[in-house]
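The following exercises concern side-chain contacts and surface exposure. Each task is followed by a solution in steps.

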Amino acid sequence: MQSLSEQVASTNSYILVRKGEELYYTGNEAEAEQDLPKLPAYSQAHQNAGFGYYIEDMAKMVKQLDFIFPEGDEGSLFIITRIVSIMSRQFLAGMFIAMLAILLLTGLLLTRWLEESFIKPITDLNVALGNVRDGNFDYRLRTTEGGEIGDLYQNYEDMRLRLKESTEEKLQHERQNRELITNISHDLKTPITSIKGYVEGLMDGVANTPEKQERYVRTIYNKANDMNTLINELTLYSQIDSDKIPYNFRRINVADYFGDCIEEIGMDMESRGIRLNYSNLVSPFTMIVVDPEQMKRVINNIVGNSVKYMDKPDPWIEIRILDEEDAVRIEIEDNGRGISARDLPNIFDRFYRTDASRNSEQGGSGIGLSIVKKVIEDHGGYIWATSRENEGTCMHFVIRKYSVREQEDDFVEDDDE
């Protein structure tokens, strides 16, 4: 029994042998005195044969083997194991190792996750912002991530595109301004040179007859008008650029207004030897809401362009007013040089010129038709052009009618007042 006690002691256990109700043998007397009253009776051996069971009062695991002494007394062999001791050593050691492994693995995974989810995206974003700082607006950030990182990347892309667009617009604006200065300088220099030459001719007595003097004075007057037109266009361009064109909208009768315009234009066309045809196919009571002065500028700019590029021996310009149900369409057609299919989509762009020679007869700032487009759009209309080279050009623009319902609304407002 002593030998068996020594063997089980290494497993935090001890042996207790009971004979009848008395202690017969034990390997741990101190614990045996406490545990003996709590051990199950002899009969429990059959119910738990081969299995250990836990006794809560003792907080120990017990394995029981019943037998009969040679004298006929009932005996029980108990192997009693201290559970607390097992947990405090083996379980806690295993728990510590497991926790250490879990912490190490968690640390590695967390580090990898932080690197992939935060450190790398922030590093990429820092590189991208460095490119933007250096003026490279083509450096893109691509990601399939969602959440805050995806939003951050998307915000960068939006910022990049806006900065790129803003920079391109700024460069284009600067280029257009340089081109405008060049155009205006060239187109002002030409009439100034002519005026200077004719004035010197008058001063030197070259124009020695009343007829020559009158011709010189008229030429000077025309050149001064050309300069005034260029200056007016430049002033209006600055208003367009700042979106500050002054408008004074009024209700006007289509027939009366265009009739007056044709009468005014007709005198100038007659003096230039250009035939002017006019037709009005809308109702005599048709009304539109426009700024009369700005609309006249539109018509004069279009007609002026037609005259500028007129190259036929029998020149003509035709103005037609057509009914478009709820709108009025104005067509101004000529039999001039025409516009190539390549140039036609660009004629309403600022500073675009189809003539590369820039001779004194056909010079211009290149902003006339851009002004026309801006004014028409500010009136709620739209404009386009059709043309055939060497045959002529037709400008079309549409203005919405002043409807009967609007008239009734105005009438109600007048009554309320």
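Rings of Phe, Tyr and Trp (its six-membered ring) pair if their centres lie within 6.5 Å; planes under 30 degrees apart count as stacked, over 60 as edge-to-face and the rest as tilted. The model is predicted, so that local features need pLDDT of at least 70 and side-chain atom pairs count only at pLDDT 80 or more, while totals for chains, interfaces and linings use all residues. Residues are numbered from 1 along each chain as its sequence is written, and side-chain values use heavy atoms, with hydrogens and water left out.

**Exercise 1. Aromatic pairs**

Classify the ring pair of Phe-67 and Phe-69, and state which residues ring pairs link into a cluster with them.

Solution. Step 1: the ring criterion gives six aromatic pairs. In the pair of Phe-67 and Phe-69, the ring centres are 5.0 Å apart and the planes stand at 55°, so this pair is tilted.

Step 2: ring pairs join Tyr-24, Phe-67 and Phe-69 into a cluster.

Step 3: exposure is assigned from relative accessible area (buried under 20%, exposed over 50%, partly exposed in between; 1.4 Å probe, protein chains only). Phe-69 has 8% and is therefore buried, whereas Phe-67, at 29%, is partly exposed.

Step 4: for the pair of Tyr-257 and Phe-258, the centres lie 5.4 Å apart with planes at 85°, so the arrangement is edge-to-face. Tyr-257 is buried at 11%, and Phe-258 is buried at 2%.

**Exercise 2. A charge over a ring**

Which ring lies beneath the charged end of Lys-19?

Solution. Step 1: the criterion requires NZ of Lys or CZ of Arg within 6 Å of the ring centre and within 35 degrees of the ring normal.

Step 2: the charged end of Lys-19 sits over the ring of Phe-69, at 4.8 Å from the ring centre.

**Exercise 3. Salt bridges**

Locate the elements that are tied together by the bridge between Lys-296 and Glu-264, then identify the network that contains Glu-333.

Solution. Step 1: a salt bridge is a side-chain nitrogen of Lys or Arg within 4 Å of a carboxyl oxygen of Asp or Glu. The count by this rule is 22 salt bridges.

Step 2: Lys-296 and Glu-264 form a bridge with an N to O distance of 3.4 Å. Helices (H or I, at least four residues) and strands (E, at least two) are DSSP runs, numbered from the N terminus. Lys-296 belongs to helix H8 (residues 292-308) and Glu-264 to helix H7 (residues 254-272), so the bridge ties together parts 32 residues apart in sequence. Lys-296 is partly exposed at 30%, and Glu-264 is partly exposed at 45%.

Step 3: the closest N and O atoms of Glu-333 and Arg-320 are 2.8 Å apart, in a salt bridge. Glu-333 lies in strand S10 (residues 327-334) and Arg-320 in strand S9 (residues 316-323), so the contact ties together parts 13 residues apart in sequence. Glu-333 is partly exposed at 25%, whereas Arg-320 is buried at 15%.

Step 4: through shared partners, salt bridges join Glu-318, Arg-320, Glu-324, Arg-329, Glu-331 and Glu-333 into one network.
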